[in-house]
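Here are a few exercises to work through with the viewer open. Try each task on your own before you read the solution.

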Amino acid sequence: MWNNNNEYTFAMTSVRDFMYRVYVFMGVELALSGVTAYCLSITPEVFRFVVGSPRIWVLFVAQIGLVIFLSARIQKMDYSTAVVSFLGYAALSGMSLSVLF
């Protein structure tokens with residue numbers, strides 16, 4: 001499979017580094033979603049503004065729209081555009097999940 005032990009070690013190291021970066025990024029996104037949900041839920045005025053009206057449905061539709069946009073365009077996006085879109089998705093998820101707190 002591999003010509004020598006050095007190629008195998010290099011391949012395993014690069015996979016390990018890649019997976020580490022993926023999980024760090026996922027952790028940051030999860031933290032952003034949680035912080036957004038917590039901040040929205042502890043601020044009564046903002047919570048009532050978002051949840052106490054049809055605006056919550058706008059959040060749900062925007063979240064689904066962003067998922068469709070990301071899944072359709074992710075292969076053609078720049079890295080920075082994909083990161084900003086995913087950060088927006090994490091914030092929208094936090095806003096819609098704030099109802100649970």
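**Exercise 1. Place Ser93 and work out its surroundings.**

Start with the location: Ser93 sits in helix H4. Keep in mind that you're looking at a predicted model.

Next, the accessibility. Ser93 comes out at 10% relative accessibility, so this residue counts as buried, given that the cut-off for buried is under 20%.

Now look for partners. Leaving aside residues up to four places away in sequence, Ser93 touches Ser33 and Gln63. With Gln63 there's a polar contact between the two side chains, at 2.8 Å.

Finally, put Ser93 in the context of its helix. The buried residues of H4 are Ala82, Val83, Ser85, Ala90, Leu92, Ser93, Gly94 and Ser96. H4 itself runs over 19 residues and spans 27 Å from first C-alpha to last, close to the 27 Å expected at 1.5 Å a residue.

**Exercise 2. Gln63 turned up as a partner of Ser93. Find out which residues of H3 are buried and where on the helix they lie.**

Begin with the helix. H3 covers residues 55–73, which makes 19 residues, and reaches 26 Å between its end C-alphas, close to the expected 27 Å.

Then list the buried set: Ile56, Leu59, Gln63, Leu66 and Leu70. Look down the axis of H3 and these buried residues fall within an arc of 70°, so they line one face of the helix.

What covers them? Helix H2 (44–51) and helix H4 (79–97) are included in the cover.

Last, check the face turned away from the buried side. The exposed residues there are Trp57, Val58, Val61, Ile64, Ile68 and Ala72.

**Exercise 3. Hunt down the aromatic pairs and classify the ones that involve Phe86.**

A word on the descriptors first: you describe a pair of aromatic rings by how far apart the centres are and by the angle of the planes.

The structure has three aromatic pairs. Take Phe25 and Phe86: their ring centres are 5.9 Å apart and the planes meet at 25°, so this pair is stacked; the cut-off for stacked is under 30 degrees. Phe25 belongs to helix H1 (residues 5–42) and Phe86 to helix H4, so the pair ties together parts that are 61 residues apart in sequence.

Move on to Phe86 and Tyr89. This pair is stacked too, with 6.0 Å centre to centre and 25° between the planes. Here both residues lie in H4, three residues apart, or about one turn of the helix.

Put together, Phe25, Phe86 and Tyr89 make one aromatic cluster.

Are these rings buried, exposed or partly exposed? Phe25 has a relative accessible area of 30%, Phe86 is at 31%, and Tyr89 is at 24%. Each value falls between the 20% and 50% cut-offs, so Phe25, Phe86 and Tyr89 are partly exposed.

**Exercise 4. Compare sequence separation with distance in space for Ile42 and Ser98.**

Ile42 is in helix H1 and, with a relative accessible area of 47%, is partly exposed. Along the sequence, Ile42 and Ser98 are 56 residues apart, while their C-alphas are 9.2 Å apart in space.

**Exercise 5. Zoom out and sum up the whole protein.**

Count the elements: there are four helices and zero strands, in the order α-α-α-α along the sequence.

Then check the contacts. Of those with a separation of 6 or more, 66% are between residues 24 or more positions apart.

To finish, the surface. Of the 101 residues, 23% are buried. The accessible surface is about 7,500 Å², and carbon and sulfur atoms account for 71% of that area.

Key:
Residues numbered from 1 in each chain as written. Predicted model: local features only at pLDDT ≥ 70, side-chain atom pairs only at ≥ 80, totals over all residues. Heavy atoms only, no water. Helix = DSSP H or I, 4+ residues; strand = E, 2+ residues; numbered from the N terminus. Buried < 20%, exposed > 50% of the residue type's maximum accessible area, 1.4 Å probe, protein only. Contact = heavy atoms within 4.5 Å. Areas by Shrake-Rupley, 256 points an atom, 1.4 Å probe, with all protein chains shown as cover. Expected span 1.5 Å × (residues − 1). Arc of directions from axis to C-beta. Polar contact = N/O pair within 3.5 Å; in protein donor to acceptor, adjacent residues only side chain to side chain. Phe/Tyr/Trp six-rings, centres within 6.5 Å; stacked < 30°, edge-to-face > 60°.
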